[in-house]
Amino acid sequence: MKRRVIKVLILLPVLYLLAFTTQSIITYMHARDYVAQLSGEYDRATLDNQSAALASDVDRLFWLLNFPVAKQITQIAGLDFNPIRDEVTAVIRASSWLVGADAPKRYMIAFQNSAEARGTGGILGAFAIIELNKSSFSVVRTGSNAIFYWLKDVPVKVPAEFTKLYGKNPAILQNSNLSPHFPYGAEIWMGIWKAQFDEQLDGVIAVDPSALSYVLKATGPITLESGEIITSENVVSETLQKAYKRYEKDNNARKQYLVDILDAAASKITSGQYSKIEMVRAIKQGLIENRILMYSRDTPAEKELATVRLGGYLDKAPNNEFRAVIQNIDASKLDYYLDRDVVIESKSCDKVAQTQVRVRVTNTLKSGKGLPAYVLTRADKGKPADLVTGAHRFKLFIYGPTNSVLVSVSRENRTEKLGGASTERGRPIYVSDIDLAPGESEELLANFAGGVGKITFVDQPLVRPTSLTIKGGC
């Protein structure tokens, strides 16, 4: 009996190595054939079948790499991409349309400014229009949000619930992505582009300076025409903090500075001269932190994206997912200095789960003195007469799980209004205005009844990641 056990233990690594090697060879061959087909003339159905088969191959390869010994090795080597397994296979299944196998596809790269918070991250500060045509990639145009004009109405069809919650504000580019449900913002951006330039884009890819910092780890530094060197270490502070001081008297020049950085980064990426492994690591980090999002106008492709983080969905399916979303309402750039601490605690696991969410927000500025006026903007209505320099007003949205109920709320500052309740895509929301002077913080609390499965939290991709604590669970 002992000999049999020993033989099995000896054979297991051999069998695993054989299975892994065989699957790797099969996957490589199918991937090579698929890439070759993308460059040829094939119908959509054939390519979709091939992409589905390749996605299945890759999924099996991930499964083999998830074995304990293999997982340890990949983690030590920094090659554990299992956390984005679903994203990888979803993109492969949708790839034939996304890369323009049937016809060239044009996407907007939306560079979100996370110093001014919006539902999906930050306002659209700069953009690039890129074209994917089978195996080729080119940049068609770049620019800043200064070129867009305001619309009177939201340019795409949205649910009545959306209008009730956000009004007509999303018709303005700066407010187009108030909702954390990324497809809303992406469709509105595309609608604004269509209204202004009479061109139907095929999709949107959103990134932010933090995601760009990860990419620059792969490409290395970029050099602007001015000679300035932008690196992975300084790109966030240069774009979201220092640029406001440097271009204090010329905001258009600041916006052009963002475009210059985007141009230089795009040029570096299209050259292909970077570490492929480091680039995959960069994409992995950006995906995990919700800093890379994608929307496709193609229904089958979007159906694939909707199932993973890359799609940025506020999912209507049963879940136990919570969110704390900041919405800048004073037009300042003070979200750069905002800290968020979230504690989610399971209170009961009876037939209907009871969960409490506590959100503490802190204005980490020691003083607003010396900051540019543009950063300190207070364009909100009803601001106090004795306004403190560096005080920041914003809305906090605390989202409960799909089909749950908002039971009760409270807030630390008893002199402010408690706030109100709303809903979005089947989620109850506690909404409240907060005004914090430098160094101030406040805690808000919401109790929810309902939720199915493990407690999860989706972090809004701002400059400073949320400090998260989850206690208990059903």
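Which side chain meets that of aspartate 433 in a salt bridge? In this structure, which is a predicted model, the partner is lysine 395, with N to O at 2.8 Å. Aspartate 433 lies in strand β14, residues 427–436, and lysine 395 in strand β11, residues 392–399, so the pair ties together parts that are 38 residues apart in sequence. As for their surroundings, aspartate 433 is partly exposed, with a relative accessible area of 22%. Lysine 395 is likewise classed as partly exposed, at 24% relative accessibility.

The pair also has a wider context. Aspartate 433 and lysine 395 belong to a network of salt bridges that links them with Asp330, Arg378, Asp380, Arg393 and Asp435.

Let me turn to the sheet that holds these two strands. Five strands make up an open sheet, and their order is β13-β14-β11-β8-β16, with mixed pairing. At the edges stand β13, residues 420–424, and β16, residues 456–457; each has a single partner strand, so one side of each is left without a neighbour in the sheet. In general terms, the strands of a sheet pair through backbone hydrogen bonds, in either a parallel or an antiparallel manner. Here β11 and β14 run antiparallel, and eight bridges join them. To give one position, phenylalanine 397 has valine 431 in β14 as its bridge partner.

I return now to the charged pairs. How many salt bridges does the model contain? The count comes to 30, and I shall describe two further examples.

The first is between arginine 281 and glutamate 278, whose closest N and O atoms are 2.5 Å apart. Both residues sit in helix α10, which covers residues 276–288, and they are three residues apart, or about one turn of the helix. Arginine 281 is partly exposed, its relative accessible area being 26%. Glutamate 278 also counts as partly exposed, at 28%.

The second joins the side chains of glutamate 248 and lysine 245, at 3.5 Å from N to O. Glutamate 248 has a relative accessibility of 40% and therefore counts as partly exposed. For lysine 245 the relative accessible area is 47%, which is again partly exposed.

Next, helix α6, residues 182–197. With 16 residues at 1.5 Å a residue, α6 should span 22 Å, and its end C-alpha atoms are 22 Å apart, so the two values agree. Which residues of α6 are buried? They are Phe182, Pro183, Tyr184, Gly185, Ala186, Ile188, Trp189, Met190, Gly191, Ile192 and Trp193. Just after the helix, aspartate 198 adopts a positive phi of about 55 degrees.

Finally, the interior space. One cavity of 30 Å³ or more is counted in the model, and the largest cavity holds about 30 Å³ of space. Its lining consists of Phe111, Gln112, Asn113, Gly125, Pro209, Thr239, Leu240 and Leu258. Which element supplies the largest share of that lining? Strand β1 does, with three residues. Both β1, residues 105–118, and α8, residues 235–246, contribute at least two residues each. By character, the lining of the largest cavity divides into four nonpolar and four polar residues, with no charged ones.

To close, I would draw attention once more to the opening pair: aspartate 433 in β14 and lysine 395 in β11, in two strands that eight bridges join in antiparallel fashion.

Note on methods. Residues are numbered from 1 along each chain as its sequence is written. This is a predicted model: local features need pLDDT of at least 70, side-chain atom pairs count only at pLDDT 80 or more; totals for chains, interfaces and linings use all residues. Side-chain values use heavy atoms; hydrogens and water are left out. A salt bridge is a side-chain nitrogen of Lys or Arg within 4 Å of a carboxyl oxygen of Asp or Glu. Buried means under 20% relative accessible area, exposed over 50%, partly exposed in between (1.4 Å probe, protein chains only). Helices (H or I, at least four residues) and strands (E, at least two) are DSSP runs, numbered from the N terminus. On a 1 Å grid over the protein atoms alone, a cavity is a set of points where a 1.4 Å probe fits but cannot get out, and a pocket is an open set with protein on both sides within 12 Å along at least five of seven lines; lining residues have an atom within 4 Å of a point. Grid points are joined across faces, edges and corners, and a volume is the space filled by probe spheres set on the points. Ala, Val, Leu, Ile, Met, Phe, Trp, Tyr, Cys and Pro count as nonpolar, Asp, Glu, Lys and Arg as charged, and the others, Gly among them, as polar. The expected span of a helix is 1.5 Å times one less than its number of residues. Two strands pair if DSSP finds at least two bridges between them.
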